[in-house]
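Me: Please pick one part of this chain and look at it closely. Then follow the side-chain contacts from there, and keep it brisk.

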Amino acid sequence: MVSHAGRLWWVDLSWSLVTCDPFADDPVLTRVKLPEGTALKYRVAWGLLDKHRCVGVSAGKLRFVDMYRNRNSNGAAQISVWTLADYPESTDWTLEYEATFAEICNDAAYKATGLPRKIPVLALIHPTNPDVVYFFLDEHLFGVDVRARKVVECEVYELVAPPSEHVVTRFIHAWQLPPALCSGNRNS
């Protein structure tokens, strides 16, 4: 579930979102379909979707990140980032950008990380910069500017639970501390 624009959004990564204003006198549930061509049939990829898809808020807009079944015309695995037009005026999604993992792995910044050339697990979208998407690969969490096809951050992470082989988007949430709660460097 995501809170955005005064509404609650229940996310089904296979076919749609359901939203309502919980403070309305008479709350009404509304369905917002995922972008055209991304809906999946019942039980397809069941138990795997949160490794390849996520919905989150970035730069004040609802975003859908998809790397499930995304293949360009050459058959290369890719990642796509979509933005929901200003709700409730529209329920349309706009494809912001997409990139293949081959393009990302061929960049010097990726090579400098020493990470293997394999498809990572999706982690989250940056809360203020929708160009940056984070991934898990082995014991690393790394950020990619998808538009530029370049790694911008890479760190070893140490999770106590769940074990790293079970880490998926449902365990990770992006958020910003309010300035009053920040300590030390304000740019951190």
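Reply: Start with a definition: a residue is buried under 20% relative accessible area, exposed over 50%, and partly exposed in between. Glutamate 103 has a relative accessible area of 35%, so it is partly exposed. Keep in mind that this is a predicted model.

The part to look at is an open sheet. Its 4 strands run in the order 9-10-11-12, and the pairing is antiparallel. The edges are strand 9 (121–125) and strand 12 (150–156). Each edge strand has a single partner strand, so one of its sides has no neighbour in the sheet. From one strand to the next, the twist averages 25 degrees.

Now take one pairing in that sheet. Strand 11 covers residues 140–145 and pairs with strand 12 over 6 bridges, in the antiparallel sense. One bridge can be located by residue: valine 144 has valine 151 of strand 12 as its bridge partner.

Next come the rings. The structure holds 5 aromatic pairs. A pair of rings is described by two values, the distance of the centres and the angle of the planes. Tyrosine 110 and phenylalanine 142 make one such pair, with centres 6.0 Å apart and planes at 70 degrees. That angle is over 60 degrees, so the pair counts as edge-to-face. Tyrosine 110 belongs to helix 2 (residues 108–113), while phenylalanine 142 belongs to strand 11. The two parts are 32 residues apart in sequence, so the pair ties helix 2 to strand 11.

How accessible are these two residues? Tyrosine 110 has a relative accessible area of 2%. Phenylalanine 142 also comes out at 2%. Those values are under 20%, so tyrosine 110 and phenylalanine 142 are buried.

A further pair involves strand 10. The ring centres of phenylalanine 136 and tyrosine 157 lie 5.1 Å apart, and their planes stand at 65 degrees, so this pair is edge-to-face. Phenylalanine 136 sits in strand 10 (residues 132–137), and tyrosine 157 in the segment after strand 12. They are 21 residues apart, and the pair links distant parts of the chain. Both phenylalanine 136 and tyrosine 157 are buried. Ring pairs also build a cluster, whose members are Phe101, Tyr110, Phe135 and Phe142.

Now the charged side chains. The structure has 6 salt bridges. Two of them involve the loop between strand 11 and strand 12.

In one, arginine 149 meets glutamate 103, with N and O 2.8 Å apart. Arginine 149 lies in the loop between strand 11 and strand 12, and glutamate 103 in helix 1 (residues 101–106). The two are 46 residues apart. Arginine 149 has 26% relative accessibility, so it is partly exposed.

In the other, aspartate 131 pairs with arginine 147, the closest N and O atoms being 3.2 Å apart. Aspartate 131 lies in the loop between strand 9 and strand 10, and arginine 147 in the loop between strand 11 and strand 12. The pair therefore ties together parts that are 16 residues apart in sequence. The two ends fall in separate classes. Aspartate 131 is buried, because its 18% is under 20%. Arginine 147 is partly exposed at 42%.

A further salt bridge lies outside these loops: aspartate 86 meets lysine 61, with N and O 2.9 Å apart. Aspartate 86 sits in the loop between strand 7 (78–84) and strand 8 (93–100), and lysine 61 in strand 6 (residues 61–66). The two are 25 residues apart. Aspartate 86 is partly exposed at 49%. Lysine 61 is partly exposed at 30%.

One more arginine deserves a look. Arginine 53 lies in strand 5 (residues 53–58). Its relative accessibility is 1%, so it is buried. A polar atom of its side chain lies 2.5 Å from the backbone oxygen of leucine 13.

Finally, the cysteines. Cysteine 20 is buried at 8% relative accessibility. Cysteine 54 is buried as well, at 7%. The disulfide count is 0.

Notes
Residues numbered from 1 in each chain as written. Predicted model: local features only at pLDDT ≥ 70, side-chain atom pairs only at ≥ 80, totals over all residues. Heavy atoms only, no water. Pairing = 2+ DSSP bridges. Axes fitted to C-alpha atoms, helices over the stretch in contact; angles between N-to-C directions. Phe/Tyr/Trp six-rings, centres within 6.5 Å; stacked < 30°, edge-to-face > 60°. Buried < 20%, exposed > 50% of the residue type's maximum accessible area, 1.4 Å probe, protein only. Salt bridge = Lys/Arg side-chain N within 4 Å of Asp/Glu carboxyl O. Polar contact = N/O pair within 3.5 Å; in protein donor to acceptor, adjacent residues only side chain to side chain. Disulfide = S-S within 2.5 Å.
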